[in-house]
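Visitor: I should like to go through this model with its labels in mind. For each label, please tell me what value stands behind it and which criterion that value meets.

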Amino acid sequence: MSERTTDPAGLPPAVALDTDPHAPGDLAAFKNAFRRHAAGVAVVTALDAQGVPVGFTATSLASMSAVPPLATFNMAKSASSWPAVSETERVVIHLLGLRNRGLAERLAGPNTERFVGDHWRVGPHGLPVLNNVTSWMVGRIVERVSVHNAAVVVVQIEGGGLGEDDEALIYHERRYRALGETL
């Protein structure tokens with residue numbers, strides 16, 4: 001098999017994104033591959049033990065089953081929201097559209113600024129619900145599976161709501177993007 005020396009557009013191949021010569025090869029392969037894996041953008045919100053809202057932007061959201069309605073997301077146990085997610089009973093999962101790029105950026109920014117402003121309201125169980133999202137689901141955490149320094153969180157969906165439809169917000173190559181041409 002021959003190595004490809006140009007990409008489909010006839011350009012030279014891109015230089016590897018990892019610049020740390022000490023990074024293990026498996027880490028470089030992992031990072032480079034997942035940067036090229038487009039993913040939908042979601043935000044997960046909860047309350048910490050003191051009732052303070054917490055949340056984070058996630059691209060690991062997946063449906064697990066329809067009956068019962070289960071969803072999963074992954075998160076690092078070093079994340080600022082992990083202590084709340086590790087102890088709380090319920091979370092809200094928000095699906096974002098193109099108009100919600102600012103929300104995605106805000107909830108990926110400094111944790112002390114994520115809930116400053118009027119972009120959210122108090123929802124079921126006192127949980128923070130983001131305004132103007134394409135949809136949101138409230139659910140009960142039924143399992144937390146610890147895997148090395150991360151966790152897989154399984155949520156049974158109990159309810160939710162729909163906002164106005166919008167084009168999908170996608171995260172790809174470390175940037176927010178809109179979907180391209182429909183095939």
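**Values and their criteria**

Guide: Let us start with one contact: the bridge partner of Leu 95 in E9 is Ser 135. The model is predicted, so local features require a pLDDT of at least 70 and side-chain atom pairs a pLDDT of 80 or more, whereas totals for chains, interfaces and linings use all residues. Residues are numbered from 1 along each chain as its sequence is written, and side-chain values rest on heavy atoms, with hydrogens and water left out.

Visitor: How do you know that strand E6 and strand E9 are joined, and in which sense do they run?

Guide: Two strands count as paired if DSSP finds at least two bridges between them. E6 (residues 90-95) and E9 (residues 135-147) are joined by 6 bridges and run antiparallel; with at least two required, they therefore count as a pair. Strands themselves are DSSP runs of E with at least two residues, helices are runs of H or I with at least four, and both are numbered from the N terminus.

Visitor: What makes E9 and strand E10 a pair?

Guide: The same criterion applies: 12 bridges link E9 to E10 (residues 150-162) in the antiparallel sense, and Met 137 stands opposite Gly 160 in E10. These two strands form a hairpin with 2 residues between them, where His 148 takes a positive phi near 55°.

Visitor: Which strands form the open sheet of 7, and in what order?

Guide: The order is E3-E2-E6-E9-E10-E5-E4, with antiparallel pairing. E2 (residues 42-47) meets E6 over 4 bridges, and Val 44 stands opposite Ile 93 in E6.

Visitor: Why are E3 and strand E4 said to stand at the edges?

Guide: E3 and E4 (62-65) each have a single partner strand, so one side of each is left without a neighbour in the sheet.

Visitor: What is the order of the open sheet of 3 strands?

Guide: The order is E1-E11-E12, again antiparallel. Its edge strands are E1 (39-40) and E12 (175-178), each of which pairs on one side only. Two strands need at least two bridges to pair, and E1 and E11 have 2, so they satisfy the criterion; here Gly 40 has Ile 170 in E11 as its bridge partner. E11 and E12 are joined by 4 bridges, with Tyr 176 in E12 as the partner of Tyr 171.

Visitor: What is notable about the phi of Glu 173, and how exposed or buried is this residue?

Guide: Glu 173 has a positive phi of about 55° although it is not a glycine, and it lies in the loop between E11 and E12. Buried means under 20% relative accessible area and exposed over 50%, with partly exposed in between (1.4 Å probe, protein chains only). At 23%, Glu 173 is therefore partly exposed.

Visitor: Why does His 125 count as exposed?

Guide: Its relative accessibility is 53%, so His 125 passes the exposed criterion. His 125 sits in the loop between strand E7 (120-122) and strand E8 (128-130), and its phi is near 60°, a positive value in a residue other than glycine.

Visitor: Why is the pair of Phe 115 and Trp 120 called edge-to-face?

Guide: Rings of Phe, Tyr and Trp (its six-membered ring) pair if their centres lie within 6.5 Å; planes under 30 degrees apart are stacked, over 60 edge-to-face, and the rest tilted. The whole structure holds 3 aromatic pairs. In the pair of Phe 115 and Trp 120, the centres are 5.5 Å apart and the planes stand at 85°, so the pair is edge-to-face. Phe 115 is buried at 13% relative accessibility, whereas Trp 120, at 22%, is partly exposed.

Visitor: What makes the peptide bond from Val 67 to Pro 68 stand out?

Guide: That bond is cis, with omega near -5°. Pro 68 is in the loop between E4 and E5.
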